[in-house]
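User: Could you take a close look at one part of this model for me? I'd like to know how one helix sits, and then what is going on around it.

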Amino acid sequence: MTLLALYLLALLDGLLCGLRTSMGRCPLIRKRSYYTRALLRGIAGAQVISMLALGALLLTSAFSSHRAPFRADLEAIAGRMLWVFLPYAALVLTNLALRLIPSTDLRSATSVVMLGPLTAMRPVVMIAGVLFGISASELPETRFLGVFILGLMLALEFALNRRAARVQAIEIRRLV
Amino acid sequence: MFPAWDAAQPEITDLIVQHDPGTLQRLPVRKQELVEVFSKFRNRKALRAVQALPENGGILDEREIDALFLTVHWEMQRLAEEFYHGNRVWEILRPVVACIRQSGIRDTLRIVDVGCGIGYSTRWLAAKIPLAEHNIEVIGMDLNSTLIAEANRLATAESLPCQFLHGDAFSSQHSNHVLLSTGVIHHFRGPALFEFLRRHDQPGLQAFLHFDFQPWFLAPLGSLFFHYLRMRTAIARHDGVLSTIRAHSARTLTEAARSSAPGFAAGIYGARIWSTPAPRVFHTLVGLRHKLVPELHRQLGRHAMRLGELR
């Protein structure tokens, strides 16, 4: 259950990464399909990362000399990570929900005052969540796995951003 | 104060593309001249951004600068989207149009977005507002031909009922009913601001709406943080912050408008968030023919409290 919750949070993070990295790169007015593609790309990226993390988990488990303690340790650190990631996700989702209220000032305020700083905090939250999780770990392989997954999570936005920048640069080259 | 926050200096984008004012032909820009401008202000941030600009034999590479300009303007549109700028424009433009109609003008109203860039406001209005029902024609004008070509391309791509023209919106060739602009007026400083507003005194013009950053003590910090998070190019980050520092106060704008365009009542719209003392990021210099003022108050309805003294 805990791992499933982390997986769903990873998908949500990927979705928002996809959205963020695509913003400011399409000057059309109506761009629902553009953003839909960006969201799907983000989810796909998060899915790839989840598969890599699962692969690493299975490999570590296969080579671990103490599988049962490894599984228990993994559950424990995942549970601790949720203590950091869930409030962060709740804050982000609350602010996104506030934007459903049709007030230009309120919508702008959520963007400037909340979503902007929350975006800036994302890497810090990621690092804090993983460090908090693995700080109670008893096995080196779980710690390794935690750091590996942290690297993947941080790499996701970087990779999506690089891709979006490359596509945008090609498009602009065609125009000038 | 940081050198990059000196309001006396120009923005980088003011300098990297230059036109002959008469023919609107693009002029070559020497990189060294830009370096000298920002060296005087000891603005290392601007100098780093300028040094990185591609050049050919000391002259800025036009094609690369155009690509950079488009990148920056695409990014800037994102800010307009995040601030729901289109909605804000229509919030005040709708009652202005209504009161012009009440005054008896039945012609198609020609609304011109001055210094439109890639024409976000114009295209937003064309996409979201049934302009034909209001009998409105929206046109974007800019001196930069690359941005106008891009605005036209985007409008065509979405089949939007608007047009974009390369030229001077104040030229005698054009007769406009409403002029609007976004983030343009702070580029006019000192006597140039008075001259810019003096040119509004045209016979057919009924109103003008100039949207720009509202200066207050936290604006530069907020802008720095916001641009650092949202913008990706060094020039956009630099100029975005400098824009908020160079922004004119409500008093400067209204005094300049009242003395330079006496045919209009001038005031500020939307300075505060709801009824709180918290300032909005943007405020609007509103100019309206005196006879239309009472009707504007009526048309604004509950939003009338957002309008400052209009005289």
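What does α8(B) lie across in chain B?

Analyst: α8(B) lies across β6 (136-142) and β7 of chain B, and runs at about 165° to β7(B). Before going on, keep in mind that this is a predicted model, where local features need pLDDT of at least 70, side-chain atom pairs count only at pLDDT 80 or more, and totals for chains, interfaces and linings use all residues. Residues are numbered from 1 along each chain as its sequence is written, while chains are lettered from A and ligands numbered from 1 in the order in which they are written.

A few terms come up throughout. Helices (H or I, at least four residues) and strands (E, at least two) are DSSP runs, numbered from the N terminus. Axes are lines fitted to C-alpha atoms, for helices over the stretch in contact, and angles run from 0 to 180 degrees between N-to-C directions.

Now the sheet under that helix. β7(B) and β6(B) belong to an open sheet of 7 strands, ordered β7-β6-β5-β8-β9-β11-β10 in chain B, with mixed pairing; two strands pair if DSSP finds at least two bridges between them. β7 (163-166) and β10 (264-269) of chain B are the edge strands, each pairing on one side only. From one strand to the next, the twist averages 20°. At the β10(B) edge, β10(B) and β11 (residues 282-289) of chain B pair in the antiparallel sense over 6 bridges. To find your way along β11(B), look for Val286(B), the bridge partner of Gly267(B).

Back to α8(B), which also turns up at the chain interface. Here 28 residues of chain B are in contact with 20 residues of chain A, where contact means that the C-beta atoms, placed from the backbone, lie within 7 Å. On the chain B side, two or more residues come from each of α4 (62-82), α5 (85-102), α6 (120-128), α8 (145-157) and α10 (219-230). The largest share of that side, 10 residues, belongs to α4(B). In terms of chemistry, the chain B side has 14 nonpolar, 4 polar and 10 charged residues. For that split, Ala, Val, Leu, Ile, Met, Phe, Trp, Tyr, Cys and Pro count as nonpolar, Asp, Glu, Lys and Arg as charged, and the others, Gly among them, as polar. As for the partner, chain A has 5 helices and 0 strands, and its C-alpha atoms fill a box of roughly 60 × 35 × 20 Å along the principal axes.

Zooming out within chain B, the domain assignment gives domain 1 (3-68) and domain 2 (72-306), with bounds that come from an automatic or database assignment. Their centres, taken over C-alpha atoms, are separated by 26 Å. Across the boundary, 17 residues of domain 1 of chain B are in contact with 18 residues of domain 2. On the domain 1 side, α1 (12-15), α3 (44-51) and α4 of chain B each supply at least two residues, and α3(B) gives the most, with 4 residues. That side divides into 10 nonpolar, 2 polar and 5 charged residues.

α3(B) is worth following further. It packs against α11 (residues 234-246) of chain B at an angle of about 145°, with the axes 9 Å apart. The crossing of these two is left-handed, meaning that the near helix is turned anticlockwise from the far one by less than a right angle, with right-handed used for clockwise. Lys45(B), Ala46(B), Arg48(B) and Ala49(B) of α3(B) make the contact with Ala234(B), Ile235(B) and His238(B) of α11(B).

α3(B) also packs with α2 (residues 31-40) of chain B, at about 170° and with axes 9 Å apart, so α2(B) and α3(B) are roughly antiparallel. The cut-offs are under 35 degrees for roughly parallel, over 145 for roughly antiparallel, 65 to 115 for roughly perpendicular, and oblique for the rest. Here Lys31(B), Leu34(B), Val35(B), Phe38(B) and Ser39(B) in α2(B) meet Ala46(B), Leu47(B) and Val50(B) in α3(B). By class that makes 6 nonpolar, 1 polar and 1 charged residues.

One more helix pair rounds this off. The axes of α9 (residues 191-198) and α12 (residues 250-260) of chain B come within 8 Å and cross at roughly 55°, so α9(B) and α12(B) are oblique to each other. Their crossing is right-handed.

Key:
Two residues are in contact if their C-beta atoms, placed from the backbone, lie within 7 Å.
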